[in-house]
Structure formats: C-alpha cells, structure tokens
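Got your viewer open and a selection box ready? Let's take a walk through this protein, one stop at a time.

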Amino acid sequence: RCSSSSLLHPKNKPTITMKFLPLSAIAVVALPSLTPANAFFAPPTSSAFITTQPSSSHQSTHAAFRVSSTFLKASTTPLHDESLSPGITAIDTSLPSLSPLFSSLRSLPFFRLYSCDMLASCEYIPQELFECYTESCEIYPIDDDEVPMDLKSNDFNEHEFELDGWARWDMPSDDYYDTLQFPEDYTGYDGSEVWGFIHNRIGFHEEEALVRDEYDADSWKADFNKAVSGLHAMVSAQVVRGMIEKLQDTGELDPESYQWTDPVEEYERRLGANGETPEAVENMYFTMMLLLSGVRAARDRLLQDCDSGSIGDAEACETLRSILTHPLMDDPNIDAASRRLKDHALRDTNNLWEARMRTRDLMRIMNCVQCNKCRFHGKISTLGLSTALQLTLGRQGMGGDVAKIHRVELAALVTTMGKFASGIELCYEMQAL
C-alpha cells in the first residue's frame, strides 16, 4: 500500500530470517540507500497504526539550520536545536531509574482501562475495507465485572462536549479495553495513508518559514509539527521493538503476513541518521519533555486522586508517587520544550484555536486506522499528547486548568509518557549494536 520506495516492496527485498535472543545479539548489516520517490512531503510506506514521517527530501530544505556538534545518546544525528541538549541529558540520566516504574504503573486499572469506540467510521479519507492480515490486529473488550464501578461512573460523569476543546475522546460505553491485555505490538499493518494525511493536512507547512524549517522555525506551528513528529518517532520505535520481540519468540517473520521483517533495517529507515527523518529521535525527546511538563503540571491533581482512593491502593499510589517525585520531574532543563512552545504561543494567542482544532483532528483521524490494536493505542497516545498541550497552553498560552482534566486524559498522559520512555530506550539499545 502506498509504497514510495521499490526497495521496501516485499518482492524486491530478500526474506531475512534471524534468531533473536537478547537484543544485543542482533547483527548490524549493511543497508541499502532508501530514497523516497516522492520529493516533497509524501510519506513512504510504514507500519503499525502510523509509522512514516515526511520524506527526507523535505527535511533537506532545513537540515543546515542551527545544526550543532552535539550528538544524542539515542542517535548519531547532530542535535538540531541546541537548547534541548540539557533536557535530553537529564532524560538520558534518569530513564534507567524511571522506566521500571512505568511497568508497575501500567498494571493499575486507572491507567490501563479505556472505553474506546472501535467501530467509528473514518471521516477523513475514502477507504476500502481492509482486513488486517494477522490476528494480532484484533482486540476485544474485557468483561464488565473487570471494570471498577467507580472508574466507569467517573468516566460517564466527566464526559462532556466542548466545542473548542483540545481533544474529543470517544463517548464512554460499557466496552472497556485493557492495555495490559493488548499491549503495543508489531501487527504488520501499513498505516502510511493515515500518516500521509496527518503530515499533509493536519501538520503546518504552508508558511515560508515552515517550508525552510518545519520543526524548528520561530513559531508555535513548528513546535506542533515537532511534537507530532515525536509522536510518530515513538510509534516507529514501538514497531521496531515489536518486530524484535516477535523474532525472539518465533525466529522469523512470515513475509506473507509482515511486509517488514528486519528490525535493524527498519530502525535505520524510520529513525536512523540517514533515514527518512534524521530529526526523528530529537523530536521524540521534544515530545517527551512536553509530556514530562504536563505530568508535573498535573502532579497535585494525581496525588489528590491517590489520597481519595481513585487510583488504587496504597501500594499502587506509592508507585505513582515514585514517578511524580522522581528528580527528573523537578529538573528545570525539561522545561525547554514547553517554554519554547509557550513563548511562541504568547506571541500569537489569537490563532491558538488552530492548534486545538488540529489536536481534535489528530484524535479523530485514528478512526481511519484499520487495525484495532493500532487504533486503540493511537487514540491513547494522541490523547496523551493533546493533554500535555492543553496543560502547557490552555486557551491563551498561559496554561490549562488541571482541575478540568478528566480521568481518561490523566491516564493517557501518564501512559503516553511511559510509551515515550520505552521508545527512547529502544533507541539506546539499537545504538549499542
């Protein structure tokens, strides 16, 4: 589907069978040059719910701007925005102690259960009905008695329609899905059509400054593009991790079911320094910083929910407190992304409605994803990002009211931060090969 590089077509590349034990056992192989056929902003083929960023030909128009000599631990690409360097270093230093806490947190119903509309129609792209070729695409609602009644009633009571809100989550129903039962996975689904729409129609690229530098221009619109690109990079990292885990389990990936079978090649194509988006990993850090700032803004609210018993028992709350009081949460260096976004937004408060409209569209375009597991995790991740933006900017760039944030938004915010931590760690592992 929509393959823009003949090298990516299964017929034009060898079947690769690899035995995987620990991740460190992966052999580094020589990769062909992957040059997208479309010269401007036309995403090549991808997988998972969405896994392809704008073509590298578009990035080349701004690659020379503000390139520093600082390299990332998670990438061999020089840092494009040097102001992010201290925050990135703080994240790299903290993840070894922070990441394990997310594994414990995701077992709590507060953070793993979401009422999600899996039957909503796509309203943005004319589509033929596509059936995912692997069973891993499917998810099923859990039994009613597995959903805490107070959580369900809280979701029903909190749901409201806001005409110009930052996000519009699905109407709650009796169908709840569990991220623990259906975690992120490599399903083989090709979501390039959805990513193409996101980059071409939801992202900003019409102004001259954005054409020159779509991620780091002096504009909140570039900040929005950078955050969405970071979201995409996280998904790409999860896809690569899913490929590795499947190879560890089975020893090979059937090319009849999975278009991409080599995680090293896919990592280089999606996230590598010479891949489709050289700034992808930097952008992932940028979005991670926005999420960290968002969680810190919501810290008192989350602690109140702990004290009220909404989040779980004392042991559960202790895990959450360990995250909320982690030194990284109070490191001023992680404010670089939110400060940059807020400074830009305060110069253009009359047009922030465009950001809110686009985050709503980013959520609804997930209904065009024809892999249910991918759609489910895509909705959670986009809600997490929109919640971070809401807390950073609010209505006029001064920040949002955390008291108005719903349970599902808080859960998505923290869950998405955990996804980003996992994505960055995958990049560490791939760089160590």
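Before the first stop, a word you'll need: a cavity is a set of grid points where a 1.4 Å probe fits but cannot get out. Its volume is the space filled by probe spheres set on those points. Keep in mind that you're looking at a predicted model.

**Stop 1: a hidden space**

How many cavities of 30 Å³ or more does the structure hold? There are 3 of them, and we'll visit the second largest, with a volume of about 60 Å³. Select I198, H199, G203, N225 and V228: of the 10 residues that line this cavity, these are the closest to its centre. Now colour helices α5 (192-202) and α7, the elements that give two or more residues to the lining. The largest share comes from α7, with 3 residues. Sort the lining of this second largest cavity by class and you get 5 nonpolar, 4 polar and 1 charged.

**Stop 2: the largest pocket**

Next, select E160, E162, A167, H406 and E409. Among the 29 residues that line the largest pocket, these lie nearest its centre. The space in here comes to about 600 Å³. Which elements each supply at least two residues of the lining? Highlight β1 (113-115), α4 (149-158), α14 and α15 to see them. α15 gives the most, with 3 residues. If you colour the lining of the largest pocket by class, expect 12 charged residues, along with 9 nonpolar and 8 polar ones.

**Stop 3: the second largest pocket**

Keep α15 switched on, and add R106, E184, G418, K419 and S422. They lie nearest the centre of the second largest pocket, which has 22 lining residues. The elements giving two or more residues to this lining are α2 (85-105), α7 (220-250) and α15. Which of them gives the most? That's α15 again, with 7 residues. About 440 Å³ of space lies in this pocket, and its lining has 9 polar, 7 charged and 6 nonpolar residues.

**Stop 4: α8 meets α15**

Stay with α15 (residues 407-431) and bring in helix α8 (residues 263-271). Their axes come within 12 Å and cross at roughly 115°, and the crossing is left-handed. To see the contact itself, show side chains for P263, V264, Y267 and L271 on α8, then L426, C427, M430 and Q431 on α15. What kinds of residues meet here? By class, there are 7 nonpolar, 1 polar and no charged residues in this contact.

**Stop 5: α13 alongside α14**

For the last stop, select helix α13 (residues 353-364) and helix α14 (residues 372-393). They pack at an angle of about 165°, and their axes are 9 Å apart. Because angles over 145 degrees count as roughly antiparallel, α13 is roughly antiparallel to α14. Like the previous pair, look for the handedness: the crossing of α13 and α14 is left-handed. Where do the two helices touch? On the α13 side, show T359, L362 and M363; on the α14 side, show K379, T382, L383, L385, S386 and L389. This contact of α13 with α14 counts 5 nonpolar, 3 polar and 1 charged residues.

Terms used. Residues are numbered from 1 along each chain as its sequence is written. This is a predicted model: local features need pLDDT of at least 70, side-chain atom pairs count only at pLDDT 80 or more; totals for chains, interfaces and linings use all residues. Side-chain values use heavy atoms; hydrogens and water are left out. Axes are lines fitted to C-alpha atoms, for helices over the stretch in contact, and angles run from 0 to 180 degrees between N-to-C directions. Helices (H or I, at least four residues) and strands (E, at least two) are DSSP runs, numbered from the N terminus. Angles under 35 degrees count as roughly parallel, over 145 as roughly antiparallel, 65 to 115 as roughly perpendicular and the rest as oblique. A crossing is left-handed if the near helix is turned anticlockwise from the far one by less than a right angle, and right-handed if clockwise. Contact means heavy atoms within 4.5 Å. Ala, Val, Leu, Ile, Met, Phe, Trp, Tyr, Cys and Pro count as nonpolar, Asp, Glu, Lys and Arg as charged, and the others, Gly among them, as polar. On a 1 Å grid over the protein atoms alone, a cavity is a set of points where a 1.4 Å probe fits but cannot get out, and a pocket is an open set with protein on both sides within 12 Å along at least five of seven lines; lining residues have an atom within 4 Å of a point.
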